[in-house]
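Student: I'm new to this one, so could you pick one small part and take me through it slowly? I'd like to know what it pairs with, and then what else is worth a look.

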Amino acid sequence: MGNWESEGPFEEVPEAHRASPREGTSGGHRLQDLVKSRMSETSRTAFGGRRAVPPNNSNAAEDDLPTVELQGVVPRGVNLQEFLNVTSVHLFKERWDTNKVDHHTDKYENNKLIVRRGQSFYVQIDFNRPYDPRRDLFRVEYVIGRYPQENKGTYIPVPIVSELQSGKWGAKIVMREDRSVRLSVQSSPKCIVGKFRMYVAVWTPYGVLRTSRNPETDTYILFNPWCEDDAVYLDNEKEREEYVLNDIGVIFYGEVNDIKTRSWSYGQFEDGILDTCLYVMDRAQMDLSGRGNPIKVSRVGSAMVNAKDDEGVLVGSWDNIYAYGVPPSAWTGSVDILLEYRSSENPVRYGQCWVFAGVFNTFLRCLGIPARIVTNYFSAHDNDANLQMDIFLEEDGNVNSKLTKDSVWNYHCWNEAWMTRPDLPVGFGGWQAVDSTPQENSDGMYRCGPASVQAIKHGHVCFQFDAPFVFAEVNSDLIYITAKKDGTHVVENVDATHIGKLIVTKQIGGDGMMDITDTYKFQEGQEEERLALETALMYGAKKPLNTEGVMKPRSNVDMDFEVENAVLGKDFKLSITFRNNSHNHYTITAYLSANITFYTGVPKAEFKKETFDVTLEPLSFKKEAVLIQAGEYMGQLLEQASLHFFVTARINETRDVLAKQKSTVLTIPEIIIKVRGTQVVGSDMTVTVEFTNPLKETLRNVWIHLDGPGITRPMRKMFREIRPNSTVQWEEVCRPWVSGHRKLIASMSSDSLRHVYGELDVQIQRRPSM
């Protein structure tokens, strides 16, 4: 069976297969000579001065190592079975075993051994006779992919050592008993993250005897935020609990003055999710040798979570048409999405920014990279990263939609991943912005990051990856420009405080909101803020229009408006206040434009347009109330029921133009979740989901989704119709398998109403011990 050229998958014979001088057996030296002669004999086709080794970019693809590699003919009378033979291998891989508990991998629904790199774990090997260190020589080997090479980290021979050394692979014998040997194996904190095949190789004077391929000994190695030498090391235990081990999160959305929340089931420990995350990297054809680097892994992940240009996980859709797929608001978590992608091997329909962020967070946490979702309120999508959001107005004050190309998202969700950045100057490690929503092309693909949050704050946008784009998302100015009929443009107003108004993430250990705006930007008006902006401009984030001093002098009249709390299906009021700060008498012509808008700031349809005149006495103020009727907006609602109001006013005497815009998110009915029965691991409990239709119309094709990590697998139920003011109920019997604080999450979507949502906190008790 065994010559190296035909059987071995190696580019060359690894160092590990040469016996070391201290092995002390003549057989060891003969094997060393054999290997050297084999290496000199080996000839392979070379292209352009390099050996032709096929790309090694699939964790799933594999070649078996030969079980017997001999140095020619074995002399008569020699029985290889007389040498040390492996009879079985024990990996201590149950979730209560020390390997999984010590490595914080006991939550994974996976019966294989899962360990984190840079940390020791136990392996027991049973032989056919007692092991004698004076004459027996064996070694553990780990192999990943199809063309293993030691110098690429895809073939790892683990030497037996007297003491484990920090940062290096090694195996120390910690127990010898009868025919068994127990090893403490330590991996390198830089090793590839993925699923390795394990072998035990025994050296004899006549060659190598190796265990045959056994899937039961396959070992997953993950990133290790608990290991100081790992690039993702996080030194705070509460943060590790939150950003690696928490499988339920909170996503903030809505509008800065009306912040909404929804829980999201990351489900990174659920059955099949770890394999799917490895499959995502295989689909990207990511070289295995790069999979130990969190910079590369997060960048590939940001490209692969969206389906644009690479057949990735999720198809984005912002057009309110979700035929042949699930509306983005109906998802309750990542598990259904990832498992469907793995089983169908096709992109899943549909996602929007918070769905992309939820799935990407699962991918990162599952592999062991600390990650969190952040929401930026009033997020600039600056098409050319010129740090300006240009809103063009007609001379009468209406928005010129042909010239206005930039858009301001009510909110935008992306992710942060924690890692060192040895490729950047000191100080730019830590949280990195990574975004999988397909917005702009980066190096030929739709992806974004990792961009150092610290570098963004200080305006150092010259450092990779995609820092200028993220800097513009949080730091752009909003500029109102009048496009005159003679072709000239006049800057009417510059709002430097609107974009990046508030940046938040979930607090550690709770469901509340943590304000992290100051990690991205200095406070408006501070000296440091101007310096950061000037630094960004110096590095090429260019403002083509010099707005300094261009603006007209401030008007004597102030304008503001408020939108009453707006409930779906109900009328509400909008009140506009004009305040005259001078001794002059003014007449004003004002315009109100009300649009249904996508949360991305792109208008779908104008549902109300109103013009009115106002007379202002000196040093006085006046309020104008506008009634918005339900019938005006209900017919064309979108995914998130966001209404955008734009008020412009012209002071007739001075020709000054005042402009203000605000969005409001309609208050939507909730789903009610109730629980009956004992809330104990392994015991049945009944979950009831209830929804009442508040509208004056019948809802058709209603899907209700229910999810609860550790309580129930994701499920859904269809209701053909729900009449006005009627209630539907859905009961399911669940049997929890995880104790502690859990959540039940439900969502509802129909043809005419979406983003209906509900959740319930549940405390699951451990099963009482007998």
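Tutor: Let's start with a pair of residues: V689 has W730 as its bridge partner in β40. Before going on, note that this is a predicted model, in which local features need pLDDT of at least 70, side-chain atom pairs count only at pLDDT 80 or more, and totals for chains, interfaces and linings use all residues. Residues are numbered from 1 along each chain as its sequence is written, and side-chain values use heavy atoms, with hydrogens and water left out.

V689 belongs to strand β37, which covers residues 685-692. The names come from DSSP runs numbered from the N terminus: helices are H or I runs of at least four residues, strands are E runs of at least two. Strand β40, at residues 727-734, runs antiparallel to β37, and eight bridges join them. Two strands are said to pair if DSSP finds at least two bridges between them.

Now look at β36, which spans residues 672-676 and also pairs with β37 in the antiparallel sense, over five bridges. Here V675 has V687 as its bridge partner in β37. So how enclosed is β37? Seven of its eight residues are buried, so the strand is largely enclosed by the rest of the structure. (Buried means under 20% relative accessible area, exposed over 50%, and partly exposed in between, with a 1.4 Å probe and protein chains only.)

Next, move along to an open sheet of four strands, in the order β39-β38-β41-β42, with antiparallel pairing. The edges are β39 (712-722) and β42 (756-764); each has a single partner strand, so one side of each is left without a neighbour in the sheet. Neighbouring strands here are turned by 15° against each other on average, direction ignored. (The axes are lines fitted to C-alpha atoms, and angles run from 0 to 180 degrees between N-to-C directions.) Inside this sheet, β38, at residues 699-708, pairs with β39 in the antiparallel sense over eight bridges. If you want a spot to zoom in on, try H705, which stands opposite R716 in β39.

Another open sheet has four strands too, in the order β32-β31-β34-β35, and its pairing is antiparallel. At its edges you'll find β32 (603-616) and β35 (657-665), each pairing on one side only. The twist averages 15° from one strand to the next. Strand β31, residues 586-597, pairs with β32 over twelve bridges in the antiparallel sense. I588 faces V614 in β32 across that pairing.

To finish, here's a stop away from the sheets. K93 sits in the loop between β4 (86-90) and α3 (98-102). Would you call K93 buried or exposed? At 18% relative accessibility, K93 counts as buried. Leaving aside residues up to four places away in sequence, K93 touches K100, N111, K112, L113 and E216; contact here means heavy atoms within 4.5 Å. You can also pair K93 with D106: they are 13 residues apart along the chain, and their C-alpha atoms are separated by 9.0 Å.
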